[in-house]
Amino acid sequence: MKGLLWKDVGLTAVQEYNNFFLTATMAFDKTKFYAKFVEDSKEQLEEINNILVELESGEVNDEHLDLLLRLLHTLKGSSKMLGFKHIGGISHKLEDVFIAYKEKSIKATKPLFNLMFKALDAVTEILCCVEESRDIDFNHEPLCEELEKAAQGELKEPEKSQPETKEAKTVSKGKLDKSKFILQFVSDAWKQLEEIRLRINEFENTGINDQKFESLLRLLHTMKGSSKMLGFVQIGNLVQKLEGVFLSIKKEEVTLTSPLYKIFYSTLDVVIELMKDVEAGKEITYDPEPLCEILIEASKGNVAEDINKVLLNKGNTEKDQEEEKVISVKKEELSSTKKAEMKTTETIRVDTEKLDESIRLLGEMVSSQQRFKQNLFEIEKEVKSFNNFIDLVKEGENLSELNRGLEEIYQKFKGVANNIKDNLNYQNILENELREKVLHLRMMPISTVLNTFKRMVRDIGASSGKEVEFTIDGGHTELDKKIVEGINDPLLHIIRNCIDHGIETPDERIKAGKHPTGKLNITAEYEGGSALIKIKDDGRGIALEKIKEKALKINLYTAEQLNEMSDKDILNIIFLPGFSTSKIITDISGRGVGMDVVRENIVKKMKGGITIDTKEGEGSTFNIRLPMTLSIMRLLMFSVAGKPFGITVNSIYEILHVEKDQIIDVVNKKAVKLRDQFIPVIELDSLLKVKSEDKEYENSIVLILYLGDEKLGILVHNLIDELDVEIKTLPNHMKNNELIFGVTITGKNEVVLVLNANSIIQVAKRMKEGTTQVSAKRKKEKQFFILVVDDSVSTREIEKSILESYGYSVDIAGDGLEGLQKAEHTNYDLIITDVEMPRLDGFSFTEKLRAEKNYETTPIIIVSSRDSDEDKRRGIEVGADAYIIKGEFEQSNLMETVQCLLY
């Protein structure tokens, strides 16, 4: 080991680790230790990745380098001991590179870091094969040779003298290694498929529920986008066609029937089979076109009665029919089998001090139990004395003697009662402390999630041509394990948005007088019994005017309503389903699903809240408030209309006792004045739709709820108590009620509904705003007129045929100039255009249309075979609303985009 002393890598630890495996492998099957090896290796790789990201940014000292070398040395030793020569070989060569770097015999360069990250990704992929018991089909020798050359200072720099061709730029710029996201995709996809099947089954048994229907559309949209993003086109196409059928159902163009449900279940079965191939690392050879055609017809109301022949592209041979029988038998077992495969024992690492403290408290409670037993013994003794006393009374003993005896028994009972009271108080203290300690056993630092984002931020920044400095403060803040795991996806989406849409490119930042490197910071801290997470960037901020323009354009609000709304209310519009400020719709973005899902996860699943602060040109901050646990919470109990309810104490800003005349009317709404601030007030019984016998609130109690800077008062009848209680999940028939997130049972066996304060604030705000969305059903009554512009006769005829089959009136033009002439004489509701056309191309055609007053806001869709980012940006610049690639052109994709823009 050149230049590295054993003491530098922790000789004792390595020897113990290797001796353990050596002894174990002599006596046992090595496979028994694979799970532990994978768990440890993942943690080591995460820490190595983080140190490497910091090393690249110049923030690493010799101590960090020594830690990194120890981690690599341990990974190398344990992998070789278990026979994983691929991991051992790569780790060994990586170790040599870092030794050379530490000895300053090689310099840190961008290509060197890229190679090291590439090596870590390779080890991660091999670990996944080990974890899933797949064959390791990876030749590590070329990578090891590259690392060996790098350690010797022979790593070749990319040649800068030869300019990249346009094609090379398109391929190289912004390419992420998608393989490392496949595992997460597979995990998410199985959950999504299970939810989708559950929703469809509920619709079949109990009918459609609007809220669950929207949830189903979100699930399909998310799975479609992620599968296409990772290149699983067959899965993406099938899910997209399935989504198209449900969109037709939503628009009341298709009616649910038994054959249609059969198509749904059959499609899901095929998708599940394809997901098994993805999970196993196999290439998908399935041709989805026949099934896609059936789904396309179903979206138009033409439901096939028998689709068995096209499900897996089988013919009619006896062999194929036999295979179909086998498949149909296995399909019934698939769901339960998959659940069994996915169900693993959840573990969590616990500090031994926490365990020792919990055991100590348990010992104290056992001692307390002994004191209760002694109290019981004394009571039984006095009961016997009292029985003797009763016998004396019956025998007519002296009254004064009886009085003395009675006083003596009374004093003894009083003493025992005081002892029991003291013991009970002490027992309560122990129980509360033990409960708190046990809850802390489930808690883990939020850094376990945040640290994984360092590498991701580095990759996303590189892929988008942006420089991002990512920092984390308060990573030690602890939350319940389920909350830490649940916050991963919302944080991931917000971080991607901050980088993609918030932080500018270096050139843009320099022009704006900023440092070329953007800053992204995550802060976690405790505040008022909750955890507060802030995600802050110093980018361009969120333009409120763009939100208002889009809200007006899609008839979500009137101009008068928008003018009356505060900046906070306008910002909250981005969380509405289907709302997006994206300048252009593409195959995987721009339809307004992302931020809606973020709030869905934070508010409904984790009982938290989210608000946004932004300043145009300076950046945005996303504030997420979360409970520290979802199991036991401190509730304020109160009654409304004679029924008990509860609300978490940490969501209450203040409690007021007000007279009837202190509740005033402000702009036809009730409000109460709190220190020179008017707080809107609602009657909780009317919001919850419970009948109240009290016609008026006399001497009312107002609970002031808060979410960030927003406050709302709720009128309740009586306060009952303040308790620490266990929150139980809602029964199935109540899970759609966004105002309630759980139930608890009191000591009197009363069932108490626990209210979601954040949802109450949002619902009350919607009641106040009174949104005036134009219903799709009303707009559908209008006859839309569409212009299709394309120089290809077959293309424009195909598009015309598709549009007319959906009931639209269609006009066609052979090129941009003809299209412009027709647009001068006719007001079209939507225009579809190609790019490459004679006389006037699609970009110029779109630009000229946008200059006309009649077409300033008319939806324009570009359908082109040109798929570069540069062309898409050009589409945005000239004013297109959507950009569809002809190579990925699908009927449902076109119709979904048309309907999204028109309705």
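Trainee: Let's begin with Lys-104. Where does Lys-104 lie?

Mentor: In this predicted model, Lys-104 lies in the loop that runs between helix H4 (85–102) and helix H5 (110–131).

Trainee: Why is Lys-104 called exposed?

Mentor: Its relative accessible area is 74%, and exposed means over 50%, so Lys-104 counts as exposed.

Trainee: And what is the phi of Lys-104?

Mentor: Lys-104 has a positive phi of about 60°, although it is not a glycine. Most residues other than glycine have a negative phi.

Trainee: Now Ala-641. Where is Ala-641, and what is its phi?

Mentor: Ala-641 also is not a glycine, and its phi is positive, about 55°. Ala-641 sits in the loop between strand S8 (632–640) and strand S9 (643–648).

Trainee: Is Ala-641 buried or exposed, and how do you know?

Mentor: Buried means under 20% relative accessible area. Ala-641 has 18%, so it is buried.

Trainee: What about Thr-621: buried or exposed?

Mentor: Thr-621, in strand S7 (residues 619–627), has a relative accessible area of 12%, so it is buried by the cut-off of 20%. Leaving out residues up to four places away in sequence, Thr-621 touches Lys-534, Ile-535, Lys-536, Thr-611, Ile-612 and Asp-613.

Trainee: What makes Pro-445 partly exposed?

Mentor: Pro-445 has a relative accessible area of 26%. Partly exposed covers the range between the 20% and 50% cut-offs, so that is the class for Pro-445.

Trainee: Which residues is Pro-445 in contact with?

Mentor: Pro-445 belongs to strand S1 (residues 443–445). Setting aside neighbours within four places in sequence, its contacts are Gly-475, His-476, Thr-477, Glu-478 and Val-484. Pro-445 and Val-484 are 39 residues apart in sequence, with 8.0 Å between their C-alpha atoms.

Trainee: On to helix packing. Why are H10 and H12 called roughly parallel?

Mentor: Helix H10 (residues 233–250) and helix H12 (residues 289–299) pack at an angle of about 10°, with their axes 8 Å apart. Angles under 35 degrees count as roughly parallel, so H10 is roughly parallel to H12. The crossing of H10 past H12 is left-handed.

Trainee: Which residues make that contact between H10 and H12?

Mentor: On H10 they include Leu-238, Leu-242 and Val-245, and on H12 they include Leu-291, Leu-295 and Ile-296. The residues of this contact divide into 8 nonpolar, 4 polar and 1 charged.

Trainee: Then what makes H2 and H17 oblique?

Mentor: The axes of helix H2 (residues 34–56) and helix H17 (residues 453–463) come within 8 Å and cross at roughly 45°. Roughly parallel needs an angle under 35 degrees, and roughly perpendicular runs from 65 to 115. The angle fits neither class, and H2 and H17 are therefore oblique to each other. H2 passes H17 in a left-handed crossing.

Trainee: How does the contact of H2 with H17 divide by residue type?

Mentor: Asn-49, Asn-50, Val-53, Glu-54 and Glu-56 of H2 meet Lys-454, Arg-455 and Arg-458 of H17. They divide into 1 nonpolar, 2 polar and 5 charged.

Trainee: Finally, where does pLDDT stay under 50?

Mentor: pLDDT stays under 50 over residues 1–14 and over residues 312–345. Where pLDDT is low, the predicted coordinates should not be read in detail. For the protein, the mean pLDDT is 75, and 76% of its residues reach 70 or more.

Notes
Residues are numbered from 1 along each chain as its sequence is written. This is a predicted model: local features need pLDDT of at least 70, side-chain atom pairs count only at pLDDT 80 or more; totals for chains, interfaces and linings use all residues. Side-chain values use heavy atoms; hydrogens and water are left out. pLDDT is the predictor's confidence in each residue, from 0 to 100. Contact means heavy atoms within 4.5 Å. Axes are lines fitted to C-alpha atoms, for helices over the stretch in contact, and angles run from 0 to 180 degrees between N-to-C directions. Helices (H or I, at least four residues) and strands (E, at least two) are DSSP runs, numbered from the N terminus. Angles under 35 degrees count as roughly parallel, over 145 as roughly antiparallel, 65 to 115 as roughly perpendicular and the rest as oblique. A crossing is left-handed if the near helix is turned anticlockwise from the far one by less than a right angle, and right-handed if clockwise. Ala, Val, Leu, Ile, Met, Phe, Trp, Tyr, Cys and Pro count as nonpolar, Asp, Glu, Lys and Arg as charged, and the others, Gly among them, as polar. Buried means under 20% relative accessible area, exposed over 50%, partly exposed in between (1.4 Å probe, protein chains only).
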